[in-house]
Amino acid sequence: MQIRGRNLELLIPEAQIKEKVKEIAEKINQDFEGEEILAVCILKGAFIFFSDLVRELKGKVYIDFMQVSSYKTEMESFGEVIFIKEMSEDIKDRNVLLIDDIIDTGRTLKALVEALSLRNPRKLKTAVLLDKKERREVDYEADYTGFVIPDKFVVGYGLDWAEEGRTLKDIYMVV
Ligand code: 5GP
């Protein structure tokens with residue numbers, strides 16, 4: 001398979017993603033037992049992971065969306081987080097679970113957590129499906145992580161390359 005003239009190599013098949021989403025949800029359900037959760041989707045890349053994950057959460061779940069951008073070029077991190085769409089819910093005294101597709105340098109999630117902490121949530125946790133651990137530039141780890149992956153650009157399951165590849169069911173490396 002190809003995107004924009006580059007080959008895609010399968011990294012994580014759909015079935016493994018499904019299992020992992022359930023595993024992550026189990027941990028979250030244990031940690032938040034009996035509590036309400038406001039699940040916040042970081043658009044656009046997390047939208048499929050978010051949809052699958054929130055349906056595995058028990059108890060009362062509210063949802064919200066926000067969009068940030070940290071990318072200057074198509075495949076390169078810039079390091080600065082720009083808020084494109086603000087969330088609509090008030091998070092004061094609430095249990096907030098930020099859900100993102102991937103943590104790379106860590107700058108996006110770290111900046112988001114710092115910004116949202118100022119609004120005094122009761123709890124503020126982060127969940128990511130993918131983690132490019134070796135690329136970290138700031139001291140930040142997500143509270144819930146699916147797969148640690150190599151330093152390769154990936155697409156599929158919500159993740160794009162210049163808006164292509166988001167709807168692929170599996171996750172692929174651009175090679
Ligand atoms: P960070 O701030 O941790 O460097 O970057 C996180 C964001 O970069 C993710 O939310 C995602 O939008 C983007 N990103 C990082 N690596 C990849 C990748 O391999 N593929 C895609 N599609 N986006 C990536």
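**View 1. The shell of residues around the ligand, sorted by the character of its side chains.** In this predicted model, the residues of the shell around the ligand divide into 6 nonpolar, 4 polar and 7 charged. Together, 17 residues surround the ligand, and the closest of them are Thr105, Thr108, Lys132, Val154 and Asp160. A student who wishes to place this shell within the fold can begin with strand 6, which spans residues 95-103, and with helix 3, which spans residues 107-117, since each of these two elements supplies at least two residues of the shell. The largest share comes from strand 6, which contributes 4 residues to the shell around the ligand.

**View 2. Polar atoms of the protein beside oxygen atoms of the ligand.** In the case of Asp101, a polar atom of the side chain lies 2.9 Å from an oxygen atom of the ligand. In the case of Asp104, it is a polar backbone atom that is found 2.8 Å from an oxygen atom of the ligand. Gly106 likewise takes part through its backbone, with an N or O atom 2.8 Å from an oxygen atom of the ligand. Taken alone, the ligand exposes 510 Å², and the protein buries 90% of that area.

**View 3. The second largest pocket and the residues that line it.** The second largest pocket holds about 230 Å³ of space. Its lining is made of 13 residues, and those closest to the centre of the pocket are Glu14, Lys18, Asp52, Arg55 and Tyr157. Two or more residues of the lining are given by each of two elements, namely helix 1, which covers residues 14-31, and helix 2, which covers residues 47-54. Helix 1 provides the largest share of the lining of this pocket, with 5 residues. When the residues of the lining are sorted by character, they divide into 5 nonpolar, 1 polar and 7 charged.

**View 4. An open sheet of four strands.** Here 4 strands form an open sheet, in which the order of the strands is 1-2-10-9 and the pairing is antiparallel. The edges of the sheet are strand 1, made of residues 2-3, and strand 9, made of residues 154-155, each of which pairs on one side only. Strand 1 pairs with strand 2, which runs over residues 6-12, in the antiparallel sense and over 2 bridges. To follow this pairing at the level of single residues, the reader may look for Gln2, whose bridge partner in strand 2 is Asn7.

Conventions
Residues numbered from 1 in each chain as written. Predicted model: local features only at pLDDT ≥ 70, side-chain atom pairs only at ≥ 80, totals over all residues. Heavy atoms only, no water. Near = heavy atom within 4 Å. Polar contact = N/O pair within 3.5 Å; in protein donor to acceptor, adjacent residues only side chain to side chain. Areas by Shrake-Rupley, 256 points an atom, 1.4 Å probe, with all protein chains shown as cover. Nonpolar A, V, L, I, M, F, W, Y, C, P; charged D, E, K, R; others polar. 1 Å grid on protein atoms, 1.4 Å probe; cavity = no way out; pocket = protein on both sides within 12 Å on 5 of 7 lines; lining within 4 Å. Points joined across faces, edges and corners; volume = space filled by probe spheres on them. Pairing = 2+ DSSP bridges.
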